[in-house]
Amino acid sequence: MYHSFKTCFLLTMASALFVYSSLTFAKTSEITTLTTPLKDNLVILQYHHVSNNTPKITSTPPDVFAEHLAYLYEHFNVVALPDAINALQNGTKLPDKSVAITFDDGFDNILINAHPLLRKYDFPYTIFINPALIGRSSQQLTWEEVTQMSQEGVTFANHTLEHQHLLNRQKLKSNNSHNQYEAIENEAQWLTRVLNDISQAEAILKGRLGYSLRYLAYPYGEFNRTLSDALNKLDYVGFAQHSGGISSQSDFSALPRYPAAGRYAKLDTLKIKLNSLAMPVLESKISDPELSESTPNELRLTLDAKDFNLSNVNCFYQGELQPITINDDVLIIQLSDNIPVGRSRMNCTARSKSEKDRYYWLSQPFFKANQNGLYID
Ligand SMILES: [Zn+2]
């Protein structure tokens, strides 16, 4: 199935018209697609639970989820994630206001509360699952349900075997009982173990579903440059949990997705994100998101500011506007001295000159281990 998507794209790259009609649009008639302007832009939404009875921070109430879908149906083109990624990787533009819907973790409330609504609108969507956890608890989808949903057009992709914090370095087992200290795996051992986990999960998905997209959603959105570079070399596309629009120029080893649960489920604020544009970054001296002693205390960005003013770029961290200096077209953004343990992100936005209600959006995630060198839920 996915081979045919890819082949289709390769064969039709020269014909924009054909590419239009080969994409899966939920709300499309031939006429609406042909009149929709094209744009090098995509927004991805990320959900976990659709339920009133699950942890609030990762849950979207079913009535709010229904509100999101009704709004998307009215104002956006919901596209299948593989179609959209293939298009952008091939430099093909998408209909303006294209949005892809994703879920992480494979909870059964997706099937119970979200799937019927998504089917009603004929919206394609993708679920990132942990193959070793499928069917293990009553909250999880079973393999029978995954297979059934796959046959109904739902796409499944890799969220690692067991949802571990990928940046945690493990203690090595020692055979020497006199050993007074436990060694921690080195960087090469860590990377080998993590890549092995990801490829095992991918192999199980391929065995169960018959296809392998090589799409990885990082558990908790946590990654570092070493891991994302290694996955890029292995032809994986990585999906994280920081904010921002996506274009053909984005870093496909760590694509942003807007969380749409908890306090981020409010449609009023979600509308701004759905309308956001990928910040055109020419050069980025962005630090590795995994913070260490050597992390510089500033970010340097060179932006292609054709459709916004550099002086209008605002960067927020923990609700506070960050000081920015502009030096020969390079934005220098001071980082807070006080980056907390765990996950945080800085959001930079700039209002479009040509479309006043839309913002270019870029997010820089930070991941900081606790005093024991561990990443926490
Ligand atoms: Zn997850």
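**Exercise 1. Determine which residues lie nearest the centre of the largest pocket in this predicted model, and which elements supply its lining.**

Solution. Step 1: the lining of the largest pocket comprises 35 residues. Those nearest its centre are Gln-241, Pro-259, Arg-263, Tyr-264 and Arg-345.

Step 2: turn to the secondary structure. At least two lining residues come from each of α10 (267-274), β16, β20 (342-351) and β21. The largest share belongs to β20, with five residues.

Step 3: the volume of the largest pocket is about 1200 Å³.

**Exercise 2. Establish the strand order of the open five-stranded sheet and identify its edge strands.**

Solution. Step 1: the order is β13-β21-β20-β16-β17, with mixed pairing.

Step 2: β13 (277-278) and β17 (320-321) each pair on one side only, and they are the edge strands.

Step 3: examine the contact of β16 with β17. These two strands run antiparallel and are joined by two bridges. Across from Glu-320 in β17 stands Tyr-317.

**Exercise 3. Identify the residues that coordinate the zinc ion and describe their spacing along the chain.**

Solution. Step 1: the coordinating atoms are OD of Asp-105, NE2 of His-159 and NE2 of His-163, at 2.1 Å.

Step 2: along the chain, the donors follow the spacing D-x53-H-x3-H.

Step 3: for the two histidines, apply the criterion that a buried residue has under 20% relative accessible area. His-159 and His-163 are both buried.

**Exercise 4. Classify the geometry of the ring pair Tyr-73 and Tyr-121, and locate both residues in the chain.**

Solution. Step 1: a pair of aromatic rings is characterised by the distance between the centres and the angle between the planes. The model contains 14 aromatic pairs.

Step 2: the ring centres of Tyr-73 and Tyr-121 are 5.2 Å apart. Their planes meet at 45 degrees, and the pair is therefore tilted, since stacking requires under 30 degrees and an edge-to-face arrangement over 60.

Step 3: Tyr-73 belongs to helix α4 (residues 62-75) and Tyr-121 to helix α6 (residues 108-121). The two are 48 residues apart, and the pair links distant parts of the chain.

Step 4: compare the accessibilities. Tyr-73 has a relative accessible area of 35% and is partly exposed, whereas Tyr-121, at 14%, is buried.

**Exercise 5. Analyse the pair Phe-308 and Tyr-360 in the same manner.**

Solution. Step 1: the distance is 5.2 Å centre to centre and the angle between the planes is 45 degrees, a tilted pair.

Step 2: Phe-308 is placed in the loop between β15 (298-303) and β16 (314-317), while Tyr-360 is in strand β21 (residues 359-368). The pair therefore ties together parts 52 residues apart in sequence.

Step 3: Phe-308 and Tyr-360 are both buried.

**Exercise 6. Name the members of the aromatic cluster that includes Tyr-47, and the ring over which Arg-169 lies.**

Solution. Step 1: the cluster consists of Tyr-47, Phe-65, Phe-103 and Tyr-125.

Step 2: Arg-169 is positioned over the face of Trp-190, at 4.4 Å from the ring centre.

**Exercise 7. Decide why helix α5 is described as largely enclosed.**

Solution. Step 1: helix α5 spans residues 81-89, and eight of its nine residues are buried. They are Leu-81, Pro-82, Asp-83, Ala-84, Ile-85, Asn-86, Ala-87 and Leu-88.

Step 2: with eight of nine residues buried, α5 is therefore largely enclosed by the rest of the structure.

Step 3: Gly-91 follows α5 and has a positive phi, near 75 degrees.

Conventions:
Residues are numbered from 1 along each chain as its sequence is written. This is a predicted model: local features need pLDDT of at least 70, side-chain atom pairs count only at pLDDT 80 or more; totals for chains, interfaces and linings use all residues. Side-chain values use heavy atoms; hydrogens and water are left out. Donors are N, O and S atoms within 2.8 Å of the metal (3.2 Å for Na, K and Ca); water is not among the atoms, so sites may look incomplete. Buried means under 20% relative accessible area, exposed over 50%, partly exposed in between (1.4 Å probe, protein chains only). Rings of Phe, Tyr and Trp (its six-membered ring) pair if their centres lie within 6.5 Å; planes under 30 degrees apart count as stacked, over 60 as edge-to-face and the rest as tilted. Helices (H or I, at least four residues) and strands (E, at least two) are DSSP runs, numbered from the N terminus. A charge sits over a ring if NZ of Lys or CZ of Arg is within 6 Å of the ring centre and within 35 degrees of the ring normal. Two strands pair if DSSP finds at least two bridges between them. On a 1 Å grid over the protein atoms alone, a cavity is a set of points where a 1.4 Å probe fits but cannot get out, and a pocket is an open set with protein on both sides within 12 Å along at least five of seven lines; lining residues have an atom within 4 Å of a point. Grid points are joined across faces, edges and corners, and a volume is the space filled by probe spheres set on the points.
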